[in-house]
Structures are given as C-alpha cells and as structure tokens.
Amino acid sequence: DLESAFGSVEGLVLAGTAEDAVTDVEGPGISIGFSGQQFSSGGFVSPRPRLEAVIGDRSGINVTGEVGHRIILTVDGRQTDVTDLFETRGDYREGGLTIDLSQLEPGAHSIRLEAWDTHNNWSEWEVTAVVAAALTIADPLFYPNPSAGEGGVFTFVLSAPAAQVRIQAFSVAGNRVVDLSAEGLLGYNQVAWQPPAGLANGSYIYRISARSEGGDASADGVIQIVR
C-alpha cells in the first residue's frame, strides 16, 4: 500500500547569494608555462610546445562553458575554447590544463589565456614565446661575479635542447682552468663550478658551446676572481 507523506523546511534558499559569502571582485590568477623547461615571457620554446597552465581563484573557476564565460586560449589571434580541458587539482579553487600547440613558425608568438571565476570576475594572462630558426645560446652569465673564489654557477638559455654542452675558461695567458660537460635543456640552464684551490686573482674568459641536431652555437663571457 502507498502512503502519503507531507513535510516542510524553513529557511531553504533557492536563489540569491548566501549572507555569509565572501566578497570577491578579482578574477582568477593565471600562469602559463611549457612542459620540460623553466619559462618566462620572451623565452624560447620548441616548434611544437606543450603548454601547461595553472588557474586558481578562492571562489573557484567557472567551467560551465556558458557563452561569454569560457576558458579561452588565443595563439597569435586564433581563439580556442579550452574549458573542457580544465581539471581541478586538490580542490575546486585551483586547476590546470595541458595542451599540445600546433606547429609554430620561427619567430615570436603571442599566447593568451583568459578565464572567469564563479563570481563572474574575468582575468587574462599573456606571454610571448619565441621559436628560434637555429640553435642559440642567450644570456650567458656566471654568478656570483666578481667571485671571491667560492663556488658559483654558469647560467644560460638554449633555444633548443643540446645533447652536449661544454664550458671552458682560460686565463689571459691561455691556461685552461675550467672544463665542464653537461646536457643542455631547452630554455634556462645552470651548471655548478667550484674553482680550484689557489686560483689566482684576475680575469678569466669562458666560452659556453652547445651542439644539437640543428647545429652548433657558442657564447662568451668573463669571470672576475677577486679575494
């Protein structure tokens, strides 16, 4: 037999905003990077880069896909709706997406990502990514420089991965004081160096050389040893 039942609930809110809701007038925080490298805007990427983005907001990310509130990726002016690629990480307040971009020609490319939070606050982040036509070594540095003779690091940026990187330094008399080998990663690299005991004060010229399938490249710099 079927029995009828009745009941009531007071104070149930079916619309509007909860009275204790925190005011949120800022859009999501967005960061753009690329797989397998440290990246900052203006840096090198491969011709077929894998974009990795992180999006976070204390109110959560709008992933409803409603018109005008979608997660949009724009590469050189071409827009793509990537809302369905967003995945939360940990809880509803942060997540990310991974996208294999189409082939990029040599040169600079504009990459922009825009998103909305659940309070319909909007934000965007844009970076410039550079595809090099040939292997290039940029921003060769040694830190600290001048050096008091303690250990330091050589840093440099590669436009493409290099199977072999060699770092050599010579005194002004032509004596070699550094000979290091390492594998080079696309983008930022650093190689540690501990000067030999008793290395005299003075200037030392160093060369960073790299070799890849796309060719060879080198860059020079000067280390000052001052104790």
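Two strands pair if DSSP finds at least two bridges between them. In this predicted model, one such bridge places Thr155 opposite Gln190 in β13.

**The three-stranded sheet**

Strand β10, residues 152-158, is joined to β13 by 7 bridges, and the two run antiparallel. They belong to an open sheet of 3 strands, whose order is β9-β10-β13 and whose pairing is antiparallel. The edges of this sheet are β9 (137-143) and β13 (187-193), each of which pairs on one side only. From one strand to the next, the twist averages 15°. Strands of a sheet pair through backbone hydrogen bonds, in either a parallel or an antiparallel sense.

**The four-stranded sheet**

Another open sheet has 4 strands in the order β1-β2-β6-β5, again with antiparallel pairing. Its edge strands are β1 (29-34) and β5 (87-89), and each pairs on one side only. Here the twist averages 30° from one strand to the next. Strands β5 and β6 run antiparallel and are joined by 3 bridges. Within that pairing, Arg89 has Asp91 in β6 as its bridge partner.

**The β14-β15 hairpin**

Strand β14 pairs with β15 (residues 215-225) in the antiparallel sense, over 11 bridges. A hairpin of 2 residues links β14 to β15. Ser212 stands opposite Gly215 in β15.

Arg211 lies in β14, which covers residues 202-212. Because its relative accessibility is 49%, Arg211 counts as partly exposed; the cut-off for exposed is over 50%. Beyond residues up to four places away in sequence, Arg211 touches Leu135, Ala162, Ala163, Gln164 and Asp216. Arg211 is also 6.6 Å from Val165, C-alpha to C-alpha, although the two are 46 residues apart in sequence.

**A residue in β3**

Thr74 is found in strand β3. Its relative accessibility is 3%, so Thr74 counts as buried, the cut-off being under 20%. With neighbours within four places in sequence left aside, Thr74 is in contact with Gln79, Ser110, Ile111 and Arg112.

**The two pockets**

The largest pocket has a volume of about 290 Å³. It is lined by 13 residues, and those nearest its centre are Val75, Arg78, Thr80, Leu101 and Ser102. The elements giving two or more residues to this lining are β3 (72-75), β4 (78-81) and β6 (91-100). Strand β3 is also where Thr74 is found, and β6 also takes part in the sheet of 4 strands.

The second largest pocket holds about 210 Å³ of space. Its lining has 14 residues, of which Ser159, Ala160, Pro161, Ser212 and Gly214 are the closest to the centre. Ser212 is also the residue opposite Gly215 in the pairing with β15.

The table sets out the makeup of each lining.

| Pocket | Nonpolar | Polar | Charged |
|---|---|---|---|
| Largest pocket | 7 residues | 3 residues | 3 residues |
| Second largest pocket | 9 residues | 4 residues | 1 residue |

Conventions. Residues numbered from 1 in each chain as written. Predicted model: local features only at pLDDT ≥ 70, side-chain atom pairs only at ≥ 80, totals over all residues. Heavy atoms only, no water. 1 Å grid on protein atoms, 1.4 Å probe; cavity = no way out; pocket = protein on both sides within 12 Å on 5 of 7 lines; lining within 4 Å. Points joined across faces, edges and corners; volume = space filled by probe spheres on them. Nonpolar A, V, L, I, M, F, W, Y, C, P; charged D, E, K, R; others polar. Axes fitted to C-alpha atoms, helices over the stretch in contact; angles between N-to-C directions. Buried < 20%, exposed > 50% of the residue type's maximum accessible area, 1.4 Å probe, protein only. Contact = heavy atoms within 4.5 Å.
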